[in-house]
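Visitor: Could you walk me through the labels used for this model, and the cut-offs behind them?
Guide: Gladly; let us look at the structure together.

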Amino acid sequence: MSIKRMFTALSASLLLLNSVTSMTAFAEVALPEGAVKGLPEKLTAMDSDGNVVSSDTGEYFFHVENMSYGVTYTKDVQLMNLRDDKSYHIYFYVEPLFKQGEIDLEEGCDCTFWLDGQEVYKGKVTGKPDDGYIDLTENVLDCGLYAPGDSHTLKCSVVWNDLNVLVGVDNGHRLVDINGEHVLVGNAQSGHVEGEIEFKWIFYAAVDEEYIPPKTGLFPTSNKFWINAIAALAIMTGGMILLLFFKKREKQKHEPQDEMP
């Protein structure tokens, strides 16, 4: 078998956020009271390829086919609040769904999240964390507070970096990569092994009840202070004009009149 064919002996598919009917067991994440899956109107999340989080379900699709061993796949998701009247926190968590094949991608892939360049999660793609990080299958990750006009970047990287997760693969063909030589053969001596995994990232938002929208415009409807102040100023100005008028008239009465010749 040629070196080229040895590399093609491995095939993997990593599907994130794709709905399926066969689901594995996972812990149900308890959302805060009043919070539901999805994002309110004008609260958006879009990746660099133009794919958006579903506003109704909160699901985001990150799909990799024919995944190569040792290659890092990344996505940048821009989270934005385009409203002008409310401030929100945006959260997300993971729902594992399904896996199959000779490559256990659930154990063989590592996943890392950064929020505005700061690492906030490291662990398995299914949400099971490394030590020191939260479990995204049982807890939510706070992606920050979004005042009107605010935007943050959530970056994710996924890499298949463990060849010790091959299931039902006997000694046979060699895979040569930067880490050395690995012996592979699929079921029934096929020389081809595959793996598939599916799960969901679920986004939702919660309004910040302490946020007070800034007062804009000359006459904000929620505050009549300036209307009353301007009305009072107009009355005072009018009164001063009338007072000057009467003073001038009174002065003219007391001034001597020139006699006619």
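**Rings, charges and strands**

Guide: Seven aromatic pairs are counted here, where rings of Phe, Tyr and Trp (its six-membered ring) pair if their centres lie within 6.5 Å, with planes under 30 degrees apart called stacked, over 60 edge-to-face and the rest tilted. Y60 and W201 form one stacked pair, at 5.9 Å centre to centre with 15° between the planes. This pair links distant parts of the chain, with Y60 in the loop between β2 and β3 (62–64) and W201 in strand β12 (residues 195–207), 141 residues apart. Please keep in mind that this is a predicted model: local features need pLDDT of at least 70, side-chain atom pairs count only at pLDDT 80 or more, and totals for chains, interfaces and linings use all residues. Residues are numbered from 1 along each chain as its sequence is written, and side-chain values use heavy atoms, leaving out hydrogens and water.

Visitor: How do you know whether Y60 is buried or exposed?
Guide: Buried means under 20% relative accessible area, exposed over 50% and partly exposed in between (1.4 Å probe, protein chains only). Y60 has a relative accessible area of 0%, so Y60 is buried. W201, at 3% relative accessibility, therefore counts as buried too.

Visitor: What makes F92 and F113 an aromatic pair, and of which kind?
Guide: The ring centres of F92 and F113 are 5.1 Å apart and the planes meet at 65°, so by the ring cut-offs the pair is edge-to-face. F92 lies in strand β5 (residues 88–101) and F113 in strand β6 (residues 109–115), 21 residues apart. F92 and F113 are both buried.

Visitor: Which residues do ring pairs link into a cluster?
Guide: The cluster holds Y60, F92, F113, Y121, W201 and F203.

Visitor: Why is K155 said to lie over the face of W114?
Guide: A charge sits over a ring if NZ of Lys or CZ of Arg is within 6 Å of the ring centre and within 35 degrees of the ring normal. K155 is 5.5 Å from the ring centre of W114 and lies over its face.

Visitor: What makes K200 and E59 a salt bridge?
Guide: The term asks for a side-chain nitrogen of Lys or Arg within 4 Å of a carboxyl oxygen of Asp or Glu. The closest N and O atoms of K200 and E59 are 2.8 Å apart, so the pair qualifies. K200 lies in strand β12 and E59 in the loop between β2 and β3, so the salt bridge ties together parts that are 141 residues apart in sequence. Both K200 and E59 are buried.

Visitor: How many salt bridges does the structure hold?
Guide: There are seven. Among them is E106 with K99, at 3.5 Å between the closest N and O atoms. E106 has a relative accessible area of 22%, so E106 is partly exposed, and K99, at 38%, is partly exposed as well. D47, D49 and K75 are linked in a network of salt bridges.

Visitor: Why is T44 called partly exposed?
Guide: Its relative accessible area is 28%, so T44 falls between the buried and exposed limits. T44 is in strand β2, a strand being a DSSP run (E, at least two residues; helices are H or I, at least four), numbered from the N terminus. Along β2 (residues 43–47), L43, A45 and D47 point to one face and are buried, while T44 and M46 point to the other and are not.
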